[in-house]
Amino acid sequence: MKYNIFGGNLPAVTITLNAGESIYTQSGGMTWMTDNISMETNMKGGFFKGLGRMLSGESLFMATYTARTDGAEITLASTFPGSIIAVDIGEGNIILQKNAFLCAQPTVELSTYVTKKISSGLFGGEGFILQKLTGHGYAFFEIDGTCYEKVLAPGEVLKVDTGNVAAFEEKVGYEVERIKGFKNILFGGEGLFITKLTGPGKVWLQTMTMPGFAERLIPFLPIRND
């Protein structure tokens, strides 16, 4: 399998498959493909796993695309201005924000990830249920805005504004802490809580969040008066 990510801030990825190779994505995720690819839609893992994926922002049904001959190509585009990231899951499990999963090889399993601490679920910006990638092979996920990757050393701490954590290796500590100081809370502009990431492990941060983008657009949207 080969891939090419293109498109700048409106990215897409073209994946080239040899005969018998496959990738899967959520139903409706394909943008275009060559004629030598077959498609099969199912719940992938059964009803309960499908239901779990729905809770993490994906569709109940998944579509698997398999090349019938060498050189088959399929292209998938992002759903929001940002970046597409390719990761080798064999190097470690990855936790993603909701709706981030784009596609993966069949040897990669997409499941739900429930945050262990109540505070992380309530105030972490993504809720209690995130997405988890396990297994081996390549997976692709999308983030909002520009991606910044950082490898944390053991015990190294990075504090991130709520919602700007796009993904992190499962071994990275993930918790939410309250901002200290009355004036910081009232006038700091960061809200009450901030996400704390503790190494070792790799994290992917995003410069934009979809809720933040939508909030900026609201004043410019026309108001309908019936």
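What follows is a short tutorial chat about a predicted model and the terms used to describe it.

Student: Let's start broad. What makes up the chain in terms of helices and strands?
Tutor: The chain has four helices and 19 strands. Of its 226 residues, 41% are buried. About 12,000 Å² is exposed, and carbon and sulfur atoms supply 57% of that area.

Student: How do you know that distant parts of the chain touch?
Tutor: Take the contacts with a separation of 6 or more: residues 24 or more positions apart account for 78% of them.

Student: Why are strand 1 and strand 4 called edges?
Tutor: The open sheet has four strands in the order 1-2-7-4, with antiparallel pairing. Strand 1 (2-6) and strand 4 (32-33) each have a single partner strand, so one side of each is left without a neighbour in the sheet.

Student: How do you know that strand 2 and strand 7 are paired?
Tutor: Pairing needs at least two bridges. Strand 2 (residues 12-17) and strand 7 (residues 72-77) have six, in the antiparallel sense. If you want a spot to look at, Leu17 stands opposite Ala72 in strand 7.

Student: Which residues make the nonpolar surface patch?
Tutor: Tyr3, Ile5 and Tyr138 make it, and the patch covers about 250 Å².

Student: What makes those residues eligible for a patch?
Tutor: A patch member needs over 30% relative accessible area. Ile5, which lies in strand 1, has 33%. Tyr3 has 37% and Tyr138 has 32%. Those values are over the cut-off, so the three residues pass that test.

Student: Why is the pair of Tyr3 and Tyr138 called tilted?
Tutor: Two numbers settle that. The centres are 5.9 Å apart, and rings pair if their centres lie within 6.5 Å. The planes are 50 degrees apart; under 30 would be stacked and over 60 edge-to-face, so this pair is tilted.

Student: What does that pair tie together?
Tutor: Tyr3 is in strand 1 and Tyr138 in strand 13 (residues 138-144), so the pair joins parts that are 135 residues apart in sequence. Ring pairs also bring in Phe140, giving a cluster of Tyr3, Tyr138 and Phe140. The whole structure has five aromatic pairs.

Student: Why is the pair of Phe141 and Trp204 called edge-to-face?
Tutor: Their ring centres are 5.8 Å apart and the planes stand at 90 degrees. Over 60 counts as edge-to-face, so the label follows. Phe141 sits in strand 13 and Trp204 in strand 19 (residues 201-206), so this pair ties parts that are 63 residues apart.

Student: Are Phe141 and Trp204 buried or exposed?
Tutor: Both are buried.

Student: How many salt bridges are there, and what makes Glu170 and Lys132 one of them?
Tutor: There are four. For Glu170 and Lys132, the closest N and O atoms are 2.9 Å apart, and the limit is 4 Å, so the pair qualifies. Glu170 is in the loop between strand 16 (165-169) and strand 17 (173-178), while Lys132 is in strand 12 (residues 129-135), 38 residues apart.

Student: Why is Lys132 called buried?
Tutor: Its relative accessible area is 18%, and buried means under 20%, so Lys132 makes the cut. Glu170, at 29%, counts as partly exposed.

Student: How do you know that Lys171 and Glu169 form a salt bridge?
Tutor: Their closest N and O atoms are 3.9 Å apart; that is within 4 Å, so it counts. Here Lys171 is exposed at 58%, whereas Glu169 is buried at 13%.

Student: And what makes Glu156 and Lys150 a salt bridge?
Tutor: The closest N and O atoms are 3.6 Å apart, which is within 4 Å, so the call holds. Glu156 is partly exposed at 27%, and Lys150 is partly exposed at 22%.

Student: One last case: why is Thr64 called buried?
Tutor: Thr64, in strand 6 (residues 62-67), has 16% relative accessibility. Under 20% means buried, so the word fits.

Student: Which residues does Thr64 contact?
Tutor: Leaving aside neighbours within four places in sequence, Thr64 is in contact with Ser22, Ile23, Tyr24, Ser38, Met39 and Glu40.

Note on methods. Residues are numbered from 1 along each chain as its sequence is written. This is a predicted model: local features need pLDDT of at least 70, side-chain atom pairs count only at pLDDT 80 or more; totals for chains, interfaces and linings use all residues. Side-chain values use heavy atoms; hydrogens and water are left out. Helices (H or I, at least four residues) and strands (E, at least two) are DSSP runs, numbered from the N terminus. Patches are made of residues with over 30% relative accessible area and no salt bridge: like charges are joined within 9 Å, nonpolar side chains (Val, Leu, Ile, Met, Phe, Trp, Tyr) within 5 Å. Accessible areas come from the Shrake-Rupley method with a 1.4 Å probe; for residues, only the protein chains shown count as cover. A salt bridge is a side-chain nitrogen of Lys or Arg within 4 Å of a carboxyl oxygen of Asp or Glu. Buried means under 20% relative accessible area, exposed over 50%, partly exposed in between (1.4 Å probe, protein chains only). Rings of Phe, Tyr and Trp (its six-membered ring) pair if their centres lie within 6.5 Å; planes under 30 degrees apart count as stacked, over 60 as edge-to-face and the rest as tilted. Contact means heavy atoms within 4.5 Å.
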